[in-house]
Amino acid sequence: PAAYNGLGFMDKPEKISPELAMTEPRRLRGHKDTATCCVASRDRPGIVVTSGEDGRVCWFDMRCKEVQFVMEVGEQPISSLSFKPGNEDILYVSSGNEVKCLDVLMANDWKPLKTYNYNKDEINQIACNSRAAFLASTDDAGDVKIIDIHQHCLYKTLRAGHSSICSSVQFIPWRSWEVITGGLDSKLIMWDFSKGRPIKIVDFGSNNSSNATQCLNPAFVHAIAVPDVDMIDNAGKICAVARGDGVVDVIDIELELAAAIRLKSSAKAKKVSQVNSNKEAESGASSETTANTNQSTRLHLDYMLGGHTAAVSCVGFSLFGDKGKFIVSGGNDKSVKLWDCSRRDTTEQDGGSNNGPLHLSINLSKKVNWLCTTPTESENLVICDTTKVVKVYSVT
């Protein structure tokens with residue numbers, strides 16, 4: 001029988017998860033302190049950029065043995081990186097409460113082209129939208145700054161959504177004016193950033209639908225990922241959520257937004273028509289059914305399916321092979337999981353079997369800080385752990 005392992009999780013069932021017999025990973029050296037973040041080029045396969053607590057940004061080419069060059073950005077740790085879509089010679093870097101815009105073609109002069117100081121607290125993540133028109137930055141105060149990077153000015157501040165640290169942000173590529181944020185208040189919020197208002201709030205803390213054995217660990221949202229437009233055919237219009245209780249939650253963005261619109265329309269209709277109490281009761285039952293239906297469309301990739309047994313720190317969609325086919329997650333349990341999006345409708349009873357969503361599991365020696373994938377056939381999984389050496393694996 002399963003037993004608690006001291007982390008608030010039960011030991012995994014005796015079902016065997018797919019394991020990858022790993023050879024020694026390639027090691028990328030260039031940082032003097034812990035590597036914090038990594039991002040892979042889509043336009044130039046094999047180019048990987050990493051950042052660290054040493055204030056450095058390192059550029060690697062997988063065809064070469066050594067680091068190509070090092071950008072000394074500053075003395076503060078770098079928390080997040082983002083290429084400018086359409087021009088990957090431009091890199092955005094967050095450090096402290098600043099976002100710096102760097103040009104890789106500036107030789108050894110790494111003076112920022114622009115510096116944005118709109119966040120009042122330490123920035124956790126930055127992201128560019130697919131049209132390279134806006135950049136979002138989240139901070140410890142719970143605020144989200146939307147920056148117009150064409151006009152170089154603050155476009156909008158999204159506040160009063162998160163009551164704690166806002167840890168992550170992603171634009172929705174197929175919805176021009178919408179962005180998703182996650183925080184350590186266990187909330188996932190979908191915003192219309194043109195109006196500065198939330199459209200949908202998912203509270204994983206008050207409605208924890210994961211396995212009861214994991215409820216002792218807060219369902220903080222540590223990271224989120226949204227597929228690019230060219231991944232939708234394989235992944236769908238979904239959002240992957242890395243949670244502090246070890247769950248990778250997969251939600252259907254379109255269904256969530258459609259349900260939110262229906263509930264809002266229903267509330268307006270009740271207010272205008274002033275229906276009698278019986279009709280209101282019927283409407284309330286309808287709303288509850290909608291909420292329950294909405295909940296049932298979410299997939300929880302937890303330890304019963306071979307998943308993580310500690311907080312999930314990062315999540316992303318695969319760039320290799322069929323883009324977006326896999327959700328890749330890394331956690332504090334020193335493991336990386338590849339989940340097959342095409343099997344995301346598989347039930348929990350299939351966990352650990354060949355038909356389950358877990359494609360493979362990689363056991364590491366350190367906790368995972370961040371990861372990314374590259375659009376190459378080999379050396380396509382890059383991992384920043386709690387050391388200064390970045391590891392590169394080949395997965396299929």
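A disulfide here is a pair of cysteine sulfur atoms within 2.5 Å; keep that cut-off at hand for the cysteine stop below. The model is predicted, so local features need pLDDT of at least 70 and side-chain atom pairs count only at pLDDT 80 or more, whereas totals for chains, interfaces and linings use all residues. Residues are numbered from 1 along each chain as its sequence is written, and side-chain values use heavy atoms, with hydrogens and water left out.

**Whole chain**

Start with the protein chain in a cartoon view. Its secondary structure comes to three helices and 28 strands; helices (H or I, at least four residues) and strands (E, at least two) are DSSP runs, numbered from the N terminus. Colour by accessibility next: 54% of the 396 residues are buried. Buried means under 20% relative accessible area, exposed means over 50%, and partly exposed lies in between (1.4 Å probe, protein chains only).

The chain exposes about 17400 Å², of which carbon and sulfur atoms supply 48%. Accessible areas come from the Shrake-Rupley method with a 1.4 Å probe, and for residues only the protein chains shown count as cover. Of the contacts (heavy atoms within 4.5 Å) between residues at least 6 apart in sequence, 53% join residues at least 24 apart.

**Cysteines 372, 384 and 38**

Select the three cysteines and show their sulfurs. The structure holds zero disulfides. Cysteine 372 is in none, and its nearest cysteine sulfur, that of cysteine 38, is 3.5 Å away. The sulfur of cysteine 384 also has cysteine 38 as its closest cysteine partner, at 3.8 Å, which is too far for a bond. Are cysteine 372 and cysteine 384 buried or exposed? Cysteine 372 counts as buried because its relative accessibility is 10%, and cysteine 384 counts as buried at 0%.

**Strands 2 and 3**

Now select residues 35-40, which form strand 2. Six of the six residues are buried, so the strand is largely enclosed by the rest of the structure. Add residues 47-52, strand 3, which runs antiparallel to strand 2 and is joined to it by five bridges. Two strands are called paired if DSSP finds at least two bridges between them. To check the register, pick cysteine 37, which stands opposite serine 51 in strand 3. The two strands form a hairpin with six residues between them, and glycine 46 in the turn has a positive phi of about 100°.

**Arginine 63**

From glycine 46, go to arginine 63. Their C-alpha atoms are separated by 7.1 Å, with the residues 17 apart along the chain. Arginine 63 lies in the loop between strand 4 (56-61) and strand 5 (69-72), and is exposed with a relative accessible area of 73%. Its side chain makes a polar contact of 2.7 Å with the side chain of aspartate 61. A polar contact is a pair of N or O atoms within 3.5 Å; within protein, one must be able to donate a hydrogen and the other to accept it, and residues adjacent in sequence count only if both atoms are side-chain atoms.

**Asparagine 119**

Select asparagine 119, in the loop between strand 9 (114-116) and strand 10 (123-128). This loop residue counts as buried because its relative accessibility is 3%. Which residues does asparagine 119 touch, not counting those up to four places away in sequence? They are Asn97, Ser137, Thr138, Asp139, Asp143 and Lys145. With serine 137 there is a side-chain polar contact of 2.6 Å.

**The sheet of strands 22 to 25**

Finish on an open sheet of four strands in the order 22-23-24-25, with antiparallel pairing. Strand 22 (312-317) and strand 25 (358-363) stand at the edges with a single partner strand each, so one side of each has no neighbour in the sheet. Neighbouring strands of this sheet are turned by 15° against each other on average, direction ignored; axes are lines fitted to C-alpha atoms, for helices over the stretch in contact, and angles run from 0 to 180 degrees between N-to-C directions.

Select strand 23 (residues 326-331), which pairs with strand 24 (residues 335-340) over five bridges. Within this pair, serine 329 stands opposite lysine 337, and phenylalanine 326 opposite aspartate 340. The hairpin of these strands has three residues between them, and lysine 334 in the turn has a positive phi of about 60°. Towards strand 22 there are also five bridges, and valine 312 stands opposite glycine 331.

In a regular strand the side chains alternate between the two faces of the sheet. On strand 23 both faces are covered: Phe326, Val328 and Gly330 are buried on one side, and Ile327, Ser329 and Gly331 on the other.
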